[in-house]
Amino acid sequence: MRTKSLKKNKINVITLGCSKNVYDSEVLMGQLRASGKDVTHEAPAEEEGNIIVINTCGFIDNAKAESVNMILEYADKKQRGLVDKVFVTGCLSERYRPDLEKEIPNVDQFFGTTELPALLKALGANYKHELLGERITTTPKNYAYLKIAEGCDRPCSFCAIPLMRGKHVSQTIEKLVKEAEGLAKNGVKELILIAQDLTYYGLDIYKKRNLGELLEALVKVEGIEWIRLHYAFPTGFPMDVLEIMKREPKICNYIDIPLQHISDSILKSMRRGTTQEKTTKLLKDFRKAVPGMAIRTTLIVGYPGETQEDFNILKDFVQEMKFDRMGCFAYSHEENTHAYLLEDDVPDTVKQDRANEIMELQSQISWDLNQEKLGKTFRCIIDRKEGGHFVGRTEFDSPDVDNEVLIDASKHYIKTGEFVMVKIIEATEFDLYGEPV
């Protein structure tokens, strides 16, 4: 008999992919704990427990490969008697369940993105409706993600998210305020609003774009000091949000607005519903309405039919716009998307070279913008201590993807989770060094 089985069941949840998956794992863990289960998140091997739940990502090739490798690793551990059960959920499982079941039969069960009650049942727990909004956060105690909507109604040609996450469904303002209040009671000071598309929020349940009204309600939650906006689609953006951002100190002067490309012919093929002219005007309106706001974007290079001229247009745009933050991805040819019908005609090496070139350009822009911060003082939240530094962020930076502010821990002691005024004394492309004042 395997000694593992004699131990009390312990469930280890492993999260891959984006912040939406982090949120889903937190909800799952909250439900499990409410049913009296022993649950942990990404515990080290010696403490990981005997039941594994892998929350997968199926967005692009690299993410799919990472998810498949993780499933294979734990299927092998099960084979060797190191764990008893392996369950798989999330986007990859939603999208490729029949293939996965066939190829990796050693997994106990696969679940899609909307099958939380069924997953809980398989884990010997009951889904509790009254736990709406309650979850076990896995982020540092001072910030948490608040998922305001699920799914997406946009027709973007390259994107598989609607296949995995379904149609756009907004959460009500009442539910989100209640969830924010619960998080604040647990010490959360920063809410990061996420959805596949913040711009669309409210259209399905309030028959109007209602992000502004949601923000007006959230700023009243006691204990919440920063509210950050992630993943706003450019087309149809509710401009009243900018007025609220300028007026309300709790709303960070920051927005993540994925643009993907700027050449008109590529935008049209991508079915983005906008043009270079409209996008440029939108960004200029943003900066005019909220001077000094940080704009983060993501771009895709190597999309089918992208010529050198299209790429040059994109490069010139990046140079002109000087985004505060940016990520750039090589196009991934995804089955069942509209773009999959097109020939994936840009060689992988060219895609990668173009992505590198864009990030090289952005690196210089980031360097220049960071040098302008020298000698200035910013209010920072301290997320953690790492090595010899306390690591914090300004309101212009989101966790994991943006700049960090590093403070020498041998010279200064700061409590993590607190806000501190920090003077910037040194700056590189992606990090700032400061001292508390």
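A residue counts as buried when its relative accessible area is under 20%, as exposed when this area is over 50%, and as partly exposed in between. The close-up views below show a predicted model.

**Figure 1. The loop between β11 and α10 around glutamine 260.** Strand β11 covers residues 251-256, helix α10 covers residues 264-270, and glutamine 260 is placed in the loop between them. The relative accessibility of glutamine 260 is 11%, a value under 20%, so the residue counts as buried. Although glutamine 260 is not a glycine, its phi is positive, at about 70°.

**Figure 2. The loop between β15 and β16 around aspartate 400.** Aspartate 400 has its place in the loop that runs between β15 (389-393) and β16 (404-408). The phi of this residue is positive as well, at about 75°, and aspartate 400 is not a glycine. Its relative accessibility is 67%; because this is over 50%, aspartate 400 counts as exposed.

**Figure 3. The span annotated as a TRAM domain, residues 371-437.** The name and bounds of this feature, "domain: TRAM", come from an unreviewed UniProt entry. Strand accounts for 52% of the span and helix for 1%. The C-alpha atoms at the two ends of residues 371-437 are 19 Å apart.

**Figure 4. The second largest pocket, with a volume of about 740 Å³.** The lining of this pocket is made up of 28 residues, and those closest to the pocket centre are Asp24, Val27, Thr113, Leu116 and Lys147. Two or more lining residues come from each of the elements α1 (19-34), β4 (85-90), α4 (116-122) and β7 (149-150). Helix α1 provides the largest share of the lining, with 6 residues. Sorted by class, the lining holds 11 nonpolar, 10 polar and 7 charged residues. Lining residues are given both by domain 1 (10-123) and by domain 2 (143-372), and the pocket therefore lies between these two domains.

**Figure 5. Polar contacts of arginine 165 in helix α5.** Helix α5 is formed by residues 161-165 and includes arginine 165. With a relative accessible area of 7%, arginine 165 is under the 20% cut-off and is therefore buried. Its side chain is joined to the side chain of asparagine 21 by a polar contact of 2.6 Å. A polar contact of 2.8 Å is made between the side chains of arginine 165 and aspartate 24. Asp24 is also one of the residues closest to the centre of the second largest pocket.

**Figure 6. Asparagine 12 in strand β1 and its link to glutamate 42.** Strand β1 comprises residues 10-15, and asparagine 12 is found in it. The relative accessible area of asparagine 12 is 0%, so this residue is buried. The side chain of asparagine 12 reaches the backbone nitrogen of glutamate 42, at 2.9 Å.

**Figure 7. The annotated site of Cys18, Cys57 and Cys91.** The unreviewed UniProt entry lists these three cysteines under "binding site". They are spread over 74 residues of sequence, yet they cluster in space, with a largest C-alpha distance of 10.5 Å. Cysteine 18 lies in the loop between β1 and α1, whereas cysteine 91 has its place in helix α3 (residues 91-103). Cysteine 18 has 29% relative accessibility, which lies between the cut-offs of 20% and 50%, so it counts as partly exposed. Cysteine 91, at 8% relative accessibility, counts as buried.

**Figure 8. Cysteine 156 and a second annotated cysteine set.** Under "binding site", the unreviewed UniProt entry also lists Cys152, Cys156 and Cys159. Cysteine 156 is found in the loop that lies between β7 and α5. At 12% relative accessibility, this cysteine is under the 20% cut-off and so counts as buried.

**Figure 9. Isoleucine 148 in the loop between β6 and β7.** Strand β6 covers residues 143-147, and isoleucine 148 is found in the loop between this strand and β7. Isoleucine 148 has 0% relative accessibility and therefore counts as buried. Isoleucine 148 and glutamate 101 are 47 residues apart along the chain, and their C-alpha atoms are separated by 32 Å.

Technical notes. Residues are numbered from 1 along each chain as its sequence is written. This is a predicted model: local features need pLDDT of at least 70, side-chain atom pairs count only at pLDDT 80 or more; totals for chains, interfaces and linings use all residues. Side-chain values use heavy atoms; hydrogens and water are left out. UniProt positions are given in the numbering used here, feature names are shortened, and annotations may be inferred rather than shown by experiment. Helices (H or I, at least four residues) and strands (E, at least two) are DSSP runs, numbered from the N terminus. On a 1 Å grid over the protein atoms alone, a cavity is a set of points where a 1.4 Å probe fits but cannot get out, and a pocket is an open set with protein on both sides within 12 Å along at least five of seven lines; lining residues have an atom within 4 Å of a point. Grid points are joined across faces, edges and corners, and a volume is the space filled by probe spheres set on the points. Ala, Val, Leu, Ile, Met, Phe, Trp, Tyr, Cys and Pro count as nonpolar, Asp, Glu, Lys and Arg as charged, and the others, Gly among them, as polar. Domain bounds come from an automatic or database domain assignment. Buried means under 20% relative accessible area, exposed over 50%, partly exposed in between (1.4 Å probe, protein chains only). A polar contact is a pair of N or O atoms within 3.5 Å; within protein, one must be able to donate a hydrogen and the other to accept it, and residues adjacent in sequence count only if both atoms are side-chain atoms.
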